[in-house]
Structure formats: structure tokens, C-alpha cells
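User: I am a first-year student, and I would like a close look at a single part of this protein. Please explain the surroundings of one charged residue, and then place those surroundings in the wider structure.

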Amino acid sequence: MLLKNHLIEVFKQASLENNFLLKENVVLKWVHRFGIDSLNDLLIYSSLKKENQEQAFPILMEGIKNFASKNNLSSAHITFCSFDEFKKGESLGFLKRTNSQFHWKNDNYKNFQDFLNALSSRKRKNIKKEREKARNFGGKIVRYSGNEITGKHWDAFWDFYQDTGRRKWGQPYLTRSFFDIAGEKMSNELLLVLAEIDGNPIAGALNFIGMDALYGRYWGCTENYSNLHFEICYYQAIEYAIENRLSRVEAGAQGDHKLARGYLPSHTYSLHWINDSGFSKAVAQYLDEERRAVGREMEILSDYGPFKDLNLEERK
């Protein structure tokens, strides 16, 4: 409750001093949409206009540090910030960390074939073969969004999600009710791609639709068919992004197999404040070395990309 009350009070006070926060109050919008209890574990995505973000960012960062220090918290972390925020963070007393994920970038492609034309001949032929094999599973692939997603679809996807967790020796952390709530609260921001046989889903992938990107997050199946994973997770996502003029598809970390499908390593950025000054210095030294290592790894991986004339600086 301390964190909830503090966040709301900080934003109320900030709103009195900054009119743009009063008009576009991030926390109060979040509470109105998802309820007060959602602030227990809060990652804020700001929908502020760009000019207001520039004003709000140093205010919020200073507030985060003050709150963490006042309450004797060991650290504070801002994940997946923009590159501009990343650059400003250091001057505001935060440590900078870079990592990488595999992203597909839309180079103003007209359609999927236009994307294929940008690839080397061998990679282009491989993708065509994979898609052909994937579509021979005996059913059809359907995309659902908005009101098209029903409880039946969530029941099936819940089974897929559980199966993936079991096979990876992990503990699935989402609950069944999460999918119902997501479908109720943000159905127009979801893209559910399902492979169906006689109307029954046997595999699927859940994507989140952003303002300028598609975020691929969860995949699972109850029946295995050759290359169906690549089709549902990667190629359907690319087609959707092209059709809807999204700039990129973020397929997450790990999986060098994504390279051959047009997903190249791309930087991700985060900022970190550590209360203990000695520990903060040690972490800062490690992060300096890690940034160099990540850069080298990205350069090496990008050399294995499928594009004809790969320009790392343009595509990463």
C-alpha cells in the first residue's frame, strides 16, 4: 500500500505543478483501466506525447530515486527505455545497461514477397519451403483480434501455454484468468494466431499490438507439425506488420534460429539505480564490459543474417 499511495500522491503533486501531467496522468489512467490492485507490480508504459515525455522524464526519475532512497530500497530499475532516455539516464544518476533481442525491421515492404526479395537466394528459398511445409498440416491458420477472440480460444491457448512451460522445465507464471482479463481489457491490442484442424486449435501464438510494433510473447501447441512454429510465430507476425504498417516485430531474446527468418539482433536499453555506492561502482564496471561484449556478439550474429547486402548500422 505504501508504493500505491506514494505513486498516486507523487503524480497528484506533479500534476499541480505540470499541466501536461494533469491532462495525461499515467498512473491514474492505469488505475482507472486495471484497478488499484494492479499497482502491486507496476511497470509504467507512458503514453505521453513526445514533448511531454522530455519534460516528465527527469521529474519521474528524480522521484524514483528519492522514493527508493527514502524507503531504504536496495535498487530501482527502468526496463526497456528508449535510446534517448538511456542517454539521459546517466546524467540523472542511473547506471546504463544494454542487451539485445531479435527484431524484424520493416523496410517499407509492400508485402511478404517484397521482404523475401531483400534476402539472399538460398535464404529466400528456405523460407518458401518452410512456409509450404507448415501449411500442409491438414488445417488452416487464422488470426484473431478484438471481439473475435472468445473463451474457447483462451481455453485452447491456456493448454498451449501450460505445455510450453512443462517442456521447458519452467513454472508458468500467468494464470488462466489473466487471459480472460487481457481479452476483456485490451482485446484490440491482442493478435492471437491459431492453427486449427476442423475448427479445433492445435497450436498458437499470442502477440501484443503496440503503436508501432508487434510484440511476440507466447507460443504453444498440443500437436507437433514441421515448421508450424516458424509460420505462426515469425512469418505470420511479419505479414501482419507489413499489412498494418508497423515498423518492427520484437520476437524477444534467445534463439539464433530467428536470424535466418529475418530477425536480427537489436539493442535494448535499461537504467538502474543502486543504493549502496560501493556496490554501484562494481556494477558500473561490469556494465561497461558487458556493453562491449554485447556489441561484439551482435556484430558477429548479424553477419549470419539472411539479407543480400547487410548493413549492420541500418538494420540493427
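Analyst: The residue chosen here is K258, which is placed in the loop between strand 7 (248-250) and strand 8 (264-274). The model is a predicted one, and the description below should be read accordingly.

K258 is buried, yet it has no salt bridge. The nearest side chain of opposite charge belongs to D256, 8.5 Å away. A salt bridge requires a nitrogen and an oxygen within 4 Å of each other, so D256 does not qualify as a partner. Leaving aside residues up to four places away in sequence, K258 touches F102, Y234, A251, G252, A253 and Y263.

One of these neighbours, Y263, leads into the interior of the protein. With residues up to four places away again not counted, Y263 touches F102, H103, W104, C233, Y234, A237, I238, V249, A251 and K258. Y263 also belongs to the largest nonpolar core, which has 40 residues. It is listed there among the residues with the most contacts inside the core, together with W104, F115, A203, L214, I232 and I238. Strand 2 (95-105), helix 6 (112-116), strand 4 (190-197), strand 5 (200-209), strand 6 (213-221) and helix 10 (228-243) each supply at least two residues of this core. Helix 10 gives the largest share, 11 residues. Apart from this core lies another, of 18 residues, including I149, L190, L192 and F208.

Other charged residues offer a contrast to K258. A search of the whole structure finds 14 salt bridges. K96 forms one of them with E90, the closest N and O atoms being 3.4 Å apart. K96 counts as buried because its relative accessibility is 19%, and the limit for that class is under 20%.

Helix 10 takes part in a salt bridge as well. E239 pairs with R143, with the closest N and O atoms 3.1 Å apart. Because E239 lies in helix 10 and R143 in strand 3 (residues 140-144), the pair ties together parts that are 96 residues apart in sequence. E239 counts as buried at 17% relative accessibility, whereas R143 is partly exposed at 24%. Both residues belong to a network of salt bridges that links R131, R135, R143, E231, E239 and E243.

A further pair lies within one helix. The side chains of D84 and K87 meet in a salt bridge of 3.8 Å, N to O. Both residues lie in helix 5 (residues 83-89), three residues apart, which is about one turn of the helix. D84 is partly exposed at 38% relative accessibility, and K87 is partly exposed at 47%.

Key. Residues numbered from 1 in each chain as written. Predicted model: local features only at pLDDT ≥ 70, side-chain atom pairs only at ≥ 80, totals over all residues. Heavy atoms only, no water. Core = buried A, V, L, I, M, F, W, Y, C linked by side-chain atoms within 4.5 Å. Buried < 20%, exposed > 50% of the residue type's maximum accessible area, 1.4 Å probe, protein only. Helix = DSSP H or I, 4+ residues; strand = E, 2+ residues; numbered from the N terminus. Contact = heavy atoms within 4.5 Å. Lys, Arg positive; Asp, Glu negative; His and termini not counted.
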